[in-house]
Structure formats: C-alpha cells, structure tokens
Amino acid sequence: MKNHKEYNFKYTEISTITELSTEEQNLVNQSLEALKTSYSPYSKFKVGAAALLENGEVILGSNQENGAYPSGLCAERVALFYAGAKYPGVPVKCLAVSACFEGEQTKSPVSPCGACRQVMIETQHIGKKPMRIILTGSEKSIVIENSAFLLPFNFVNTDKIFE
Ligand code: THU
C-alpha cells in the first residue's frame, strides 16, 4: 500500500500587534523589553522572548552567546528552560519572540531555529496545553496556535508521530 500524504497548518498574519488581545500585546512588548538583556557580541543579532504561563507569570529570555560559539543559547530556550526551572509543569500559554539588528526591530517575524522548535514542543507536551507562538516583526507578525505545527514529525512520542 502506498499513501501520499500532506502536512499543512493554518496561521494568522497581522500587520500590527494592536490586532492581538491586550494580554498578548503586553507579552510582545515584554519580548521587546527582553532585547535589552541580549548578550550577542558575535552575531549582533538580539532576540527577546517572553513566555506567559498559566499561573499568570511572565518569564523573559534573551539570546546569550559565548566565545565558544555553540555554547550560546537562543532567547526562546533561555525563556522556556527558565520557566521550567522556576515553575516546573506549569503550562506555557503563549510565547512571544522579537528580534533586533543594528538598533532596529526586524521587519519580518523572527523564525525560531529547529532546536528551539523541538524545545517548544516538549514544553507544550509537559504542560498538556497548546502553546501559542507569536513571532513578531515591525511590519508583519504571525500567530501560530500550536507550537507543534512548527516541526512536523517532531520527536515527543514516536508512536504518535505516524498515526
Ligand atoms: N537566535 C535566537 O535567539 N532565536 C532565534 O529564533 C534565532 C536565532 C540567536 C542565536 C544567536 O545568538 C543569534 O540569534 C544569531 O543567530
């Protein structure tokens, strides 16, 4: 038996964050605030992340680079791992990510790397609730309802992947 299958997902594109709820606009603004703590002397590309937890707490992260390049960590993972360390098991409702290069916010939404997508999915899996992802840019942002959409065939539970 041979089956041709397709994978696709829906996401929402917005031109201004004022189209988000007040809570989510605040979260985006906090991800922009987090840019200030980025340590990125090598790439000069600042990334900020803000995670809204179900208990109402907001955890911020920013990219932290290192002279031994692979030792650095992206903003998303700094925020999600800190959230896990501070509030283990508390679902992350929403993660907002922003970036800035040469003093200006990127026009396009910042797109998380594969490793961060994997960590988002596992964080969502632990919390047992969909995690909304807001990727922001000054001219365009996108909202994804479930972090798993960002990584097809992800590794969380091998038996479930190919159901
Ligand atoms: N980076 C993030 O922090 N998040 C992303 O989504 C993309 C990339 C960081 C890693 C590195 O410090 C810098 O941005 C340039 O790649």
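1. A polar contact is a pair of N or O atoms within 3.5 Å. That cut-off helps in reading the ligand site. The model is predicted. In it, a backbone N or O atom of A75 sits 2.9 Å from an oxygen atom of the ligand. This distance falls inside the cut-off, so the pair counts as close enough for a polar contact.

2. Two side chains also reach the ligand. N63 has a side-chain N or O atom 2.9 Å from an oxygen atom of the ligand. For E65, a polar side-chain atom lies 2.5 Å from a ligand oxygen atom. On its own, the ligand has 380 Å² of accessible area, and the protein covers 76% of that.

3. Which residues surround the ligand? The set begins with S43, F45 and V47. N63 and E65 belong to it, as do C74, A75 and E76. V110, S111 and P112 complete the list.

4. Next, the interior. In soluble globular proteins, nonpolar side chains tend to be buried together. The largest nonpolar core here has 23 residues. Within that core, L80, L95, M120 and I133 touch the most other members. Six elements give two or more residues each. Two are helices: helix 2 (75–86) and helix 3 (114–127). The others are strand 2 (45–53), strand 4 (92–101), strand 6 (132–135) and strand 7 (141–144). Another core, of 11 residues, lies apart from this one; I14, A50, A96 and V143 are among them.

5. L95 deserves a look of its own. Setting aside neighbours within four places in sequence, its contacts include L27, E76, L80 and M120. L95 is also in contact with A49, A50 and A51. A further run of contacts goes from M131 through R132 and I133 to I134.

6. Is T136 buried or exposed? T136 is buried, because its relative accessible area is 1%. This residue sits in the loop between strand 6 and strand 7. Its side chain makes a polar contact of 2.7 Å with the side chain of S98. Beyond neighbours within four places in sequence, T136 is in contact with residues including V28, V97, S98 and S141. Q105, T106, S108, P109 and V110 are also among its contacts.

7. How many salt bridges does a search of the whole structure find? The search finds six. One of them joins K93 and E23, with the closest N and O atoms 3.9 Å apart. K93 lies in strand 4 and E23 in helix 1 (residues 22–34), so this pair ties together parts that are 70 residues apart in sequence. K93 is partly exposed, at 36% relative accessibility. E23 is partly exposed too, at 44%.

8. E54 and K129 also meet in a salt bridge, at 2.8 Å from N to O. This pair links distant parts of the chain, 75 residues apart. E54 is in the loop between strand 2 and strand 3 (58–62), and K129 is in the loop between helix 3 and strand 6. E54 has a relative accessible area of 40% and is partly exposed. K129 counts as partly exposed at 38%.

9. E33 and K36 form another salt bridge, the closest N and O atoms being 2.7 Å apart. E33 is partly exposed at 41% relative accessibility, whereas K36 is exposed at 63%. Finally, a network of salt bridges links E24, R132 and E145. R132 is also one of the contacts of L95.

Terms used. Residues numbered from 1 in each chain as written. Predicted model: local features only at pLDDT ≥ 70, side-chain atom pairs only at ≥ 80, totals over all residues. Heavy atoms only, no water. Core = buried A, V, L, I, M, F, W, Y, C linked by side-chain atoms within 4.5 Å. Buried < 20%, exposed > 50% of the residue type's maximum accessible area, 1.4 Å probe, protein only. Helix = DSSP H or I, 4+ residues; strand = E, 2+ residues; numbered from the N terminus. Contact = heavy atoms within 4.5 Å. Polar contact = N/O pair within 3.5 Å; in protein donor to acceptor, adjacent residues only side chain to side chain. Near = heavy atom within 4 Å. Areas by Shrake-Rupley, 256 points an atom, 1.4 Å probe, with all protein chains shown as cover. Salt bridge = Lys/Arg side-chain N within 4 Å of Asp/Glu carboxyl O.
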